[in-house]
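Student: Could you take me through one small part of this model up close? I'd like to know what sits inside and what it touches.

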Amino acid sequence: MYKIVEARFLAVNIKLFEIEAPQIAKKRQAGQFVIIRLDEHGERIPLTIADSDWQKGTITIIVQGIGKTTRALNNKEKDDTILDVVGPLGTPSHIEKFGTVVSIGGGVGTAIAYPTAVALKKTGNYVITINGARSKDLVILEEEMKSVSDEAYVTTDDGSYGFHGFVTQKLQELIDSGKKIDFVLAIGPIPMMKAVAEVTRPYSIKTVVSLNPIMVDGTGMCGGCRVIVDGKSQFACVDGPEFDAHLVDFKNLSDRNKMYSRHEQNSLQRYEHECNLLKKANELP
Amino acid sequence: MTENAKPKLTAKERMQIQRHHMIEQDPDVRNKNFTEVNLGYTAEMAKQEALRCIQCPKPTCIQGCPVNIDIKGFITQVAEGDFLGAVKTIKQDNALPAICGRVCPQEEQCEAACVVGKKNDPVAIGNLERFVADYERETGKVELPQVAASTGKKIAVVGSGPAGLSCAKDLIQLGHQVTVFEALHELGGVLIYGIPEFRLPKTIVKQEIDGLKKMGVVFKTDAVVGRTITVDELLNEEGFNAVFIGVGAGLPWFLNIPGENLIGVYSANEFLTRVNLMKAYNFPDYDSPILDCKGKNVAVFGGGNTAMDSVRTALRLGAKNAYIVYRRSDKEMPARVEEVKHAREEGVQFMMLTNPVKFEGDENGWLQSMTCLKMELGAPDDSGRRRPVPVEGSDFKVDLDIAVVAIGNGSNPLINQTTPEIEVNKWGNIIADNETMATSKKGVFAGGDIVTGGATVILAMGAGRVAAKSIHEYVMNNAQ
């Protein structure tokens, strides 16, 4: 049992949790993830560690409620518990002094881009961050990103805040301005990561993405998380989750992530139905 | 001798008794449920079967057993109706008889060496082992072994599969403090995530683990050694005097053919883990899904026990056609004879001397079919088995919805990534001394599939016990 010591919404449907997990907090490096299981009937899902505090013995995860498990997690509050939290898993981000780096976070992907941006800054890089969201109310970690950036940009698809447009447009603008960019990290929805890879490819800018395939054990045992990189199968849980964006087969990843869409819908509907019933029951006199 | 013991029979009379087959669920019933296929012996059947043993002065069956159980001794006790005595005899050499009685390849081990088997069917040693272990458990007369006075030594066991459990049991009995670290959320390793309920009921595994807990073994789940904590930290910071690594061979091999990442292609590890550990057959009551097998064509690649487990699981999930695709012939299949027999009875279709060359899918990435080649057997290869060679122009297509690859496992790299002083061979298997199971790192021992590559439960258990013995010597003589 792992205790939640802090829980708060950062934006609509996006919630931050601090969880007591001293061993993981002590070990964790940027780019690594945990696998959680909420209860006895729960599935195992991977979530990237956004931050940790080894003195407090806690790790931070930021969760967008999309399917049943993430919605159920987002219904948890301070002092609630999570049955299993295992990690830190995955190979840590490769951090070195590249020079000028652009760290791009799209949506909840910003939570994953953030720790690597911190590490890149610590290593002496000139850090530019692009923090993208659909609209103003979905922007997360603005202050945190700013604090580790030499230049910080926020973009919104609808123009309700910051730069009006996609993160790729902002990135193109930076490239066009003549800035020499040595390294790009992009974490967010698959179409965004793919688009970033296409922006940087003609300039041969080294670009890394963090992939989020479906996983079970997270230790290399099941092979469910295999992704195609440079034409070869790689296990995201042990060989990744970060890979060279220019070599990733995004179509395959996107297809494979839809493998259980029907199941996921079914599960979510059931869950919401149960939640509604519970709510109604609670409203009874 | 007890009162109702049979009068002494001559060897000739014993040889005339036919081998007793266990009561089984009917194939057409069991291929739709997950409960155990074999229902076991009655007490009378067990006694009768035990009478078939001709009491060889130099029993070859004992040499045939990887852990040298006193087979003649325990069978004599069964014949006398002393079932609890028999199980005690077995437990001197084998910590987990209810499990081994079910999953050991007896036909290649003790029963292959049985003298009765030279003329007749061999004595059903495995069935008898299973019967007495079940008798002990079902009558609630499980006696926990004595635990020696505390030695004050702490030992870490990495992995709670067969190697780790047997190692932990011996070490706790010797008076050491034992902590077992398990990466998954449940204990038992392959006994839980790999071997299906219909072959090894999980309650049996859980009961064995409960016994270890009662004896004082501490278990830590969600602990990935190599990630959550390293071997060096266990030795230098956590105060363990020695470490046993029994993490199994958990990195699935794929076929390396085009289309292998289409939706619907699983490793056997994933397919079985989703069903056994995550209980995906109970979706949506359990949250983990598995692709629907109902009315579908499912092919499993490989000829080992894992392949049989996967294909029989697919049948139970409702597959219309469940195929085994194996590139050699029947004779070369490494699976237990009983598993192959059960699979056939349940309706599995065997495509022998067949090798898949590619998978085809639709534009959304879903598996639709496979192309295979027929094979014929050529000259023997390194494994001593005849090498399959493709028959030119023999390619054919089969409609397919789900493919499960069960061709074995490589070694998991997590430990040697973080503890490079533990030497591994070119396949990544940890190199351990044959006699002591010691690795190249002081105080670190290893056994089971991580050393041998994919093998059997009993070999892993045997290795765990050998390691326990040398760990005991090591900590009593060397460790500070």
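Tutor: "Buried" here means under 20% relative accessible area, with exposed over 50% and partly exposed in between (1.4 Å probe, protein chains only). This is a predicted model, where local features need pLDDT of at least 70 and side-chain atom pairs 80 or more, while totals for chains, interfaces and linings use all residues. Residues are numbered from 1 along each chain as written, chains are lettered from A and ligands numbered from 1 in written order, and side-chain values use heavy atoms, without hydrogens or water.

Let's zoom in on helix H6 of chain B, residues 83-91 (helices are DSSP runs of H or I, at least four residues, numbered from the N terminus). In H6(B), the buried residues are B:Phe83, B:Gly85, B:Ala86, B:Val87, B:Thr89 and B:Ile90. They pack against four helices of chain B: H3 (43-50), H5, H7 (97-103) and H10 (125-138). Contact means heavy atoms within 4.5 Å.

Take H5(B), residues 71-79, as the partner to look at. Its axis lies 7 Å from that of H6(B), at an angle of about 170° (axes are fitted to C-alpha atoms over the stretch in contact, and angles run from 0 to 180 degrees between N-to-C directions). H5(B) and H6(B) are therefore roughly antiparallel, the word for angles over 145 degrees (under 35 is roughly parallel, 65 to 115 roughly perpendicular, the rest oblique).

And who touches whom? From H5(B) come B:Gly73, B:Phe74, B:Gln77 and B:Val78, and they meet B:Phe83, B:Gly85, B:Ala86, B:Thr89 and B:Ile90 of H6(B). That contact is made of five nonpolar and four polar residues, with no charged ones; Gly counts as polar here, Ala, Val, Leu, Ile, Met, Phe, Trp, Tyr, Cys and Pro as nonpolar, Asp, Glu, Lys and Arg as charged, and the others as polar.

Technical notes
Helix = DSSP H or I, 4+ residues; strand = E, 2+ residues; numbered from the N terminus.
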